[in-house]
Structure formats: structure tokens, C-alpha cells
Amino acid sequence: MSATKVVLKVKNLRKWFPVKGVFFTKGFVKAVDGVSFEAYEETTLAIVGESGCGKTTLARLILRLIEPDEGSIIYNGVDVMKLSGKKLMEFRRKTGIVFQDPYSSLNPRMTIYEILKEPLETHGMLKEIDINEYLVKLLEKVGLQKEHLYRYPHEFSGGQRQRIAIARALALSPELVVLDEPTSSLDVSVQAQMLNMLRDIQAADKLTYIFITHDLGIVRYLAHYVAVMYLGKIVEYGPVEEVFEKPLHPYTKVLLSAVPIPDPSIARSRARIKVIGEPPSPLNPPLGCRFHPRCPYALSDCSRREMSLVEVEKRHLVSCILYS
Amino acid sequence: MIRRALTFIPTIVGVLILTFVISHVIPADPARLWAGGVKARPEIIELMREKYHLNLPIHEQLVLYIRDVFTGNWRESPMTKRPVLVDLAEYFPATAELAIVAGLIQIALGIPLGLLAALKRDTPVDHLIRVLALIGVSAPAFWLAIALQWIFYYSLGLLPATSRGIPPSQTYTGLYIFDSLLTGDWNALVINLRHIALPSLTLAFTGLGIIARVVRNTTLDVLSSEFMDFAEARGLSGAKFYRHVVKNSSIPIVTIAGLEFGMLLSGAIVIETVFSWPGIGLYAVNAINSLDYPAIMGSTLLISLIFIAVNFIVDIAYAIIDPRVRL
Amino acid sequence: MYLNTLLEVRDLRVYFYTYAGVVRAVDGVSFSVRKGEILCIVGETGCGKSVMSRALTRMVKPPGRIVSGEVLFDGIDLLKLPEKELKKIRGREISYVYQDPGSVLDPLYTAGFHVAETVLTHNSSMKFNEVWGKAIRIFREVLIPDPEAKAKSYPHELSGGMKQRVVIATAIANTPKLIIADEPTTALDVTVQAQVMELIRSLKNKYNSSVMLITHNLGVVAEVCDRVIVMYAGKIVEVALVEELFTNPLHPYTQGLLEAVPNPLRKVERLRSIHGSVPNMIDLPEGCRFNPRCPHKLQLCNKEPELVEYSKDHLVSCWLYKR
Amino acid sequence: MLKKFNRVLLKSNALRSVGSIIYDWRLAFEVIKRSPLTMTGLIIVVGFIVLGAIGPYIAPYNPIEIDFSSIALKRLQPPSLQHPFGTDEYGRDLFSRVLAGARVSLMVSMAVMSIAIPVGLVLGLVAGYYGGVIDEIIMRVTDVFLSFPGLVLAIAFSATLGAGLFSAMLALSIVWWPSYVRVVRAQVLVVREQLFIEAAKAMGVSTRRILFKHILPNSITPLLVLVTLDFGSVILASSALSFIGLGAQPPTPEWGRLVADGRKWFPDKWWYSFFPGLAILITVLGFNILGDGLRDILDPRFRRRLEFREVK
């Protein structure tokens, strides 16, 4: 990994959603609860975890689509939380996002032309470019053609819609793109096309990706760094090869051993770490280490002490009592 | 459940404020209106001001109004020269009886028709029920009332066209049919049933279609749901299978029933005038024609309080059926 | 028919008649399920695998119609059986597990009621409290903690994994000969997915049932299956034992599929993807349905290939292997 | 039949394609054409609007003026070729009066809608999009209005405002807006959660543009059904007001009023009440049939079938 420049630095980010009762707030969903990490230039950081672990909330926090309760987001040395007006627009121009569901991420009342034109219009870039030529190039980049410009989203298949969403995210030539499960609603064969395309675009445009997913296979294929989330916290962070070859946190180990492997010779011979129960609700997460009720290696102290991320090896951090 | 009831308090307060606003703020000078309009003598207007506290600032009037509503002082009706609440107590049972009978007819006919339409989906039976339903909601009730009078009274002479029948030898609730049953006064029962037949049928017909449509659509939705698919996959049949359909479709039906009751109350106002049915509707319409504002507002308030109460009951019923809803 | 064959499907066709045209969702599918095996049906969305599984007990609703075929179960053709007899087979001899446990349980009835009801339907002589006791025993069997309390819970009070265990409990309630599991773990998290798959496998062994597992996840196929059927656009393109399929895939579609899945335990330089997308089911390509996307397309491919035996237990439908 | 197809089509995932509205109006019209019932509704509605526009001009007799010279001769005549709906007690041609009545009804419902829709749209948009305290206040007030059966509240308002067409319009408008707030808000809540809104935010699109370019166009489709049905309901309600003596006053040829006037001569002169009432029934039925048909077309299950087209 040659690139070492930190593009994005997230420190102690917290977002709790209040749950309303009839009269009072009943409690909080601790969606993101003290998350810190770094993303490096021209690399892909994967954020991986099961449903309800807060990864999607995190994606929105990074781009300031929702306001955090606490913490800071430093983008290229600038605190995003302090931005407003023109500076915030500048940040918006340099970032893009692609969502999971290609069916609801495109306004059904707008043609592809209008959808792709909107970001350019918003940032007053129409004067600088020949819009038609620009959009055709943009479409070609994501594997679509000119004649698709004047159609409506419902005329496209899921995979094609996702290409349009990617084109929209790339329209302003951003530096950082957040990809929130962009392939999880697609079929395997289409997913592979999409992953390859994303990788090629990253190389060509020198992009930094933050890739939210629950699919460990995709992480291994596409990412350079990975952050493993469990119930609103990052339990392990590090270079992908290292984390997958030598997982440190029990949860990472459990996850890797539970994931089905598309190869019968490996699938049936490997040792399995059994885990009990299901991820508890983020509404009332367990005290101490949040994984301890399910952890096969739990110690008595785990329910009392909440661990923070500790650097065990270079850029490989883990939050577990076993490594403190 | 108590908490649920408490959430209705702001609504009731709002309803009181709204009726207050209608009766006190909108007419240029209510005192003059109540004193007899343009030609009223100044001293009477003054007297009216005094009597209805119109000389006080508006917020104090509101407080007094709300206090009065709760203490049972619903003002006096210039038309009948009696307290409005006394009048309403006299007229209300007739309306309640009419609405209840109409509601029962709607349920007794609407649910089977809806089920029939659902089971015979896209057949002529279904289309016929759909068209009947549409005619029901589209027909002006007062016109329908006149048409029924024409057919059953003037042409066929089968049923009486106006008034309410007779009270049985002993009245307990003021609902004549119910009281006749209680006292075993069969003669009165027959007379009362004959009298209520036309108004209640007219009233029922207007909402019948809506009930049938809701039943049809919810039944179809439940039938196409995944859990019914799974019920089939488990081999369920007959009563075991339809138990799921019935219970699940009852949820939207209960919800619509509350709204439907409001429509029955509205409809009653218009229909009572055609059938000279001595209920709140007739009372209110007479009040309108003699510009009797306390009576108009009293009737409005009573009807809306009943409507709120019915919706509260619907909420409870809903929670009983559906375990996902907490009271 | 093999001696150990439980179910044999011959030339099954299920078409949907729509305004847009006829959707040939399942178009001439023949295969058999053997006793005690886990048979996987794998394919992408819309390949007809779900429709096919429901057609086995005639659970296809209009505008879908079973056009032709035979489904021989214990020598009886289910497609010709009167509805009344068929109802006795559904849920008793052949039971289903559906994909989304959140929507297959009736929200207004308790978890235990679903199981009890399924038992009672097929054993009308039993009393309700007997059945309830049995339901709790089955709950224990599918490893639901605190079964007495959970049986009295409503579906919305249970987690996704718990709900799927309840669904599995209804499926095994009458010790069926065949369990058809349609994407049983797709809606679940990875860690829970592994638990549920493990449960299905152990139950199958215990009751010596057969399992027909429908999935799009090749990982799941590799983990649990004995034999695999690959479907594409309403047709079977390949049938093989699981090791054979992964080591020696014959059909270009199977080959493409296997190389398109990223493996979390092995770094690959570049995924191979199949270009294009799944065809429109109303307007299918002529001949082999895969031919517009196939890297090895031949002249012959405009004619429809048959599913033929390539080696023992390995069938393929492709002109490349024409003898 | 269409619905049935759809339901199952949905189950086969290949055909899955989710949108939230009809985008292609030609397609919608194609569907209306396939359903004879909906087409009938459309024809009645269009006919009613045309009559409302030109009714008074094509009426064979003056609908309002009384010809005092021939009252005795012409009054209360049964339907004939000359007077298809008969005449009233002043000798006026009832056919002409009913024709002219179309304009009154059209005016009332247009007036009510032109107040209720904008108010409902604005408040619903604001309440749904911003949420929080603003939403709470708007919805509480809306709830209060909805705690009265609609017609009852309209009668109360109308009675205090004094009888007359204008006060009836005002009263009905006051009663009608809350349901629009509800519907718009509910739809905005759905649309607000759609990812394309979030995508727009991420690009820095202004709130105003999000509201008017993204949320509004996607929120008004369900309103279309409601407006169609409500056009009929307003006609029904205003005729009821007129019938009980509020609303339109003589000599305005309002249908409900005509029925009430005719009642004085009932049952002998049956035509007097019959034809105006029939006019109400047919008009309202037209709107209801059309609205019902539109609802079917906009039904998600139905919609998806329409959308099934793949781009090659």
C-alpha cells in the first residue's frame, strides 16, 4: 500500500436515535456509538457488519446527511461539522454516494438526462461544459449509451439503474465516494460486472471509496482496509489481507467462520466457531463489550469493561480485552 | 388504555375551541343575532351580552364556555326556551336508534356482500356489487329518501313515510325498539320497526357500498398475503384456513366502521328532515331555520363528542384484535 | 425410477398468461429427488426455481398455470390428485419453509399456535392441549430457548432467526418426507444463517427426510448440498453432485456463475463476469436461452439443446458436450 | 382480471420493478380505455364539465326568469317533448334549470377544491417534510377538524355564516382541507424516505428544489384519486346543505334546492324532485366511477404490470 495520505478521519462519532413512547422518550437506538477510523487516499475502506450494526447510519453521518450527536469528521484537514454555505457545497461536490436500492434511489418522474443534469446544475457547472457531450461520456463510463438519456428509470433493469446511480455520483468528479451496499440487490452475475466496473473507475479517477457491505467476499475482493462493526461500534480495523488471514477480534473470527464459502472442499473441512444467539437490539445493547453475551472466549470482566480500539500491529486495531 | 384515553384530551379541547370560535367569533355580532337581528332593540342586545358574557374579553369567554360545557350548562335555546342539553337528551335517543339500526343493516349486508365479491372476484357478481356500491355512495340521501317514500308509501302503501312510531308501555333507554323488546310490547315493536324501516334503509344504503368494498379489498389482500400462501402450504383448509382470513380482514373493517358511524350521524341530519324523524338532525335543522345558535352548536358538539367516543372504542377494538398494537 | 427416488418430476411446465405475453417461467423441467439427500436448486432471480417448487404441490395461482408434466411422489402423480387429497400431502408429506419469516407467520396468532394448528390439521383426532404440548416439544427440537414462553409470543415479538425457527418447526411438525426450503436464510444475518442451515441439516438427518433447498447463494450450496441443479431462465442447464459441480462445471453459465462470486477466504485478481443480463421471460432468445451471453456460442446454439448425461450423475444441457 | 395477473406477476421476481407513480399518461389512458366502467365515468365527468361551461347557453328556456304572463298556463306541467323534465310552480322549464344547475355545482366544487387543495398541499408538505413541532401543531389542528363528521361541521359553519351559496362554499372549504393535509403528509412521509431524496441532499440540492422538484411531483398522484372522488362528494354535500335550506337560495337553480322545492308538490308532481336528484346521482356517480378506476390503475400491483418493460 503506497498511498498513506489520510483523506478522511472520523473521531468518536456518535448518533443515538430517540425512541418515542406515548409521552416520553423510551430510550435510544445507539446506532453509532463512538466510532473512529481513517480512510486513505485512493484506497477502499470497507465497513462490514450485520443488519442493525449501524453501518448505514455511519455512511450518512460521514457525508453529513444526518447530524451526529458528538464527534468530528475531518475531510482533507477540514472539519466537516463546521462547514456551512459555500464551503459545505464544496464538500458536497467532492463527495458522492450510491445507495443499496436502485429502485428508490432514482426519482421516477425524471428522465436520466434530468437526473444526471441535476448535480451539475446545482453546482453551477453547466456553463463550463457541453452538457450533452459530458453526459454521454459519463454514461459510457458506466457502460450505458447515449440513447438511454431520455428514458425514465422504470424502463431499466436493476443493474442498469445502479449504473445510473453510479453515474450520478460521479457526475461532479468527486474525490470520495460512499457506496452503501451497491450490489446487494443484484444478481451474482451482474454483481461481478458492477464490482469490476467500480474497481476500474477507482483506478482511472483516483477515487477513495468507503464501501458499506455485509458481504465478506466483496470486502476481500475490493477493499484495502476493513472496519468490522458490531452494534454501533468498530471492533476491528485493519488492512484486509491481515484481518482476513489473522482476525483478532472474536466477532471477526465468528463472522469469517460463519460465512458460506463457495467452494465445497474448503467449506466442509474448515473448523467452525459456533456462536450462540442473534445480534441483540441496538435499543438496549449489552453493557461492557457488546459482543460478550455471544462470545465464545468471553471472560468475566467483559461485561464490566468497555474496551476501546487498540493498535496491535501497524494500522491494525482491535477492541477486545484479550489484546489489552 | 388510560394513556390512550388521555391522548384524546387535546382533541376534545380543540373541538371545544372550534365550536366556541364558530359560535362566538364568526358572526359579526352574536348578541345582535341572538337578540333578533338587525331590528333588535339596544337594551335587549345589552341583556344578551350580559347573559352570554359577551362583554368579557375573548379568552375569558372561552374559559367560561368550556367550564359551562363541562358543568352541563349548554345555554338555553331561544327556539324552545329550554336548556339545550334538555332538548338534546330528548331528541338524541331517536337519532341513536336510527344510526344503530342503520349500522346493523350495513354490517349485516355489507360484510356478506363484500365477501361474496371477493370470492367471486372479476365475475359479473363482483361487478354488480361494485356498481351497487358506487351508486350507494353517489346517491343523494335526501333524494333517495323521497324516492323510497314514493315507492313504499305512496305507491305500495306498505310502510309509513314519516314520524317515529309509538313508545312502548314502559321506556328505559328511549330507544323504542330496544325498549319494546325489554317490555315485551310486541304491538309497539311491530309499529316501531315499520316506522324505522325506510329511514334506516336509506341511511344504511349510502354507506353499505363502502363497507362492501372495504371488506372485498381487505379480503383479497389477506388472501394474497404470504402468510395465507404459507397456510396453504401447511395444508390448512376449511375453517382452519378461513379463520386467518376473517381475523386479519377484520382490522381494516373495524377501522372503517368508526368513520362510517360519523357518516351515519351526518346522514341522519338530512334524512331525519325528510322522514320527520324526531332526532337531533330534525332538531338542528329546525334550529338552523330559526337561527337558534345555541341549539345548533349544542347539536354539533354532541355529535362530535359521540364521534370521538366511537373512534375511541374503535381504537380499543383494534388493540384487542391486533397484538402489535399496544394501548 | 431409482429405488431410492422419493419424488420424480417429468417435463414440468408452468406458464403465466399476462397481457404482455406468455411468461414461460418453468419450461420442461425433469429431475428427481432422492431419499435422504439435500438437493439444491440454484439460479438467479426469475429463473423459475421458486415457481417450480410451488408447482410440485400445485400451489401456483392464476395467471400462472401448470401446463404439463408429472410429479410422481411415492408413485402417485400429484398433478392429477384431487385437491382434497393434495391438502393431506401439503404440510404432512411435503412441507415448505419460505424465505421471509417476517411475513409468512400470521401476525395475529401466536408462534405456538402456528405449529399446533399444523399438527392438528393433519391429526384431527388429537386434543388441543396434546397438540400444544407437542408444539412445545418441537420448539425445543428447533432449539428455541424457553419454548413455553416463546410459544405464547406473537411473531412481532420474536427476532428474525427465531421466526425462521418457528417456520421450520411448522415444517417438521408432521415429520414430512420432503422439506422444500425456499431461500430459508436469505433474510437472515450471516451468523444466524449458519445456525439455521445447521439446524436444517441436523433435522434432516434425524428424520431421514429429503430436503430441496432453493437458493441463489453458491456459498450455501457448497456448504450443505449433496446434489445441485442449476437453472437458467426456466430450464435446467446442469445437474451434478456438489464436488463435481464445483471442480468440473460443464455449462458455460455454471462456469461463469462460479467465477463471478467473490470468495472471502481467497484473494482473486479479477472476477469473471457474465456479460449482459437475464433475458426477458416473455421474449426469450431462440434455442439455448443462454446463447446471447455465452462466450462459447456455436452455430448450433440457435437450436434447443437437451439435458443429457455427460458422466454418471452429471447432466448438462449444452451443445459443447454433444457426443 | 388485470389485478389478478398482476398479483402473481409480482411473485416472479424477474418482473419486479418498483416505482411510485404512473409516469406515462398515454399508458394510463390505454388502461382506462380497456375498462369500460372507468371510461363511462370519464365520459360523464367530461360531459358534466362541458355542461357546466356551456349549460346556460344551450338551455332551451331561460332557467331563472319567470314569465309572469304564462304562469297559470305553464306551471307544474309533467314531462313532455317540450319540457322533458316538466316545469316548476312558476312555469319555468325544469330541464333548463337542471342544465343551469350543472354550473352551480361545478362552481361550488371547483371553489372548494381550489381552497382545500393548495392549503392541504402546503400544510401537508410542511408537516411531512419538516416534522417535529410544526408537524405536531398542524396535525393536532387537523385532528380537531376531523373529529367532526364532515357534513355536520359544514352545516354548523354554514349556519353561522348565514344561508347562501358563498357561505356554503366557505364552510365546505373549511371542512375539506384537513383530509388533504392528512393524505399529502402521509405521502410525503413515504416519499421523504425514498433514497432519491437523500441522494439529492448529498449533492447539495436546495431544500426548495427538493420539495418542489422531488417530493411534490411524487406526492400528488394519490391526491388525484382523492380529488376525483371529492369532486363528487362536494357536489353531494353542497346539495345536502341546499336541501336543508342552507347554501344556494332561490332563484339559483341548485340541484339540492330544486329537490327540496319539489318536495312541496310531492308526490303528485314527482318529476320536480326526481330529475334534479337524478342529475346529482349521475354526476356524482361519474366522479366516483372515475376515481375508483383511477385507484385501480394507481394500485401498486397494477402499476408494476404496466412498468414491465426491459431496455435492451
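This is a short talk on how chain D meets chain B, and on the cysteines in this predicted model.

Okay, let's start with the D and B pair. On the D side, 50 residues are in contact with 49 residues of chain B. Together the two chains bury about 4,400 Å², and 73% of that sits on carbon and sulfur atoms. If you want names from chain D, look at Phe148(D), Thr160(D) and Phe266(D): they lose the most area to chain B, together 13% of what that side buries.

What about charges? We get two salt bridges between chain D and chain B. One that you can click on is Arg213(B) with Asp292(D), at 2.7 Å, N to O. Polar contacts come to five residue pairs between these chains. Several helices of chain D supply at least two residues each to the side touching B, among them α1 (2–11) and α11 (221–243). The largest share, 14 residues, is from α13(D). By class, that side of chain D has 31 nonpolar, nine polar and ten charged residues.

Now, cysteines. Over all chains the count is one disulfide, and it joins Cys40(C) to Cys225(C), S to S 1.7 Å. Cys40(C) is in strand β3 and Cys225(C) in the loop between α9 and β9 of chain C, so the bond ties together parts 185 residues apart in sequence. Cys40(C) is buried, at 0% relative accessible area, and Cys225(C) is buried at 0% too.

So why no bond for Cys295(A) with Cys302(A)? Because their sulfurs are 6.2 Å apart, too far, and Cys302(A) holds the closest cysteine sulfur to Cys295(A). Cys295(A) is buried, by the way, at 16%.

Terms used. Residues are numbered from 1 along each chain as its sequence is written. Chains are lettered from A and ligands numbered from 1 in the order in which they are written. This is a predicted model: local features need pLDDT of at least 70, side-chain atom pairs count only at pLDDT 80 or more; totals for chains, interfaces and linings use all residues. Side-chain values use heavy atoms; hydrogens and water are left out. Contact means heavy atoms within 4.5 Å. Buried area is the accessible area (1.4 Å probe) that two parts lose on being put together, summed over both. A salt bridge is a side-chain nitrogen of Lys or Arg within 4 Å of a carboxyl oxygen of Asp or Glu. A polar contact is a pair of N or O atoms within 3.5 Å; within protein, one must be able to donate a hydrogen and the other to accept it, and residues adjacent in sequence count only if both atoms are side-chain atoms. Helices (H or I, at least four residues) and strands (E, at least two) are DSSP runs, numbered from the N terminus. Ala, Val, Leu, Ile, Met, Phe, Trp, Tyr, Cys and Pro count as nonpolar, Asp, Glu, Lys and Arg as charged, and the others, Gly among them, as polar. A disulfide is a pair of cysteine sulfur atoms within 2.5 Å. Buried means under 20% relative accessible area, exposed over 50%, partly exposed in between (1.4 Å probe, protein chains only).
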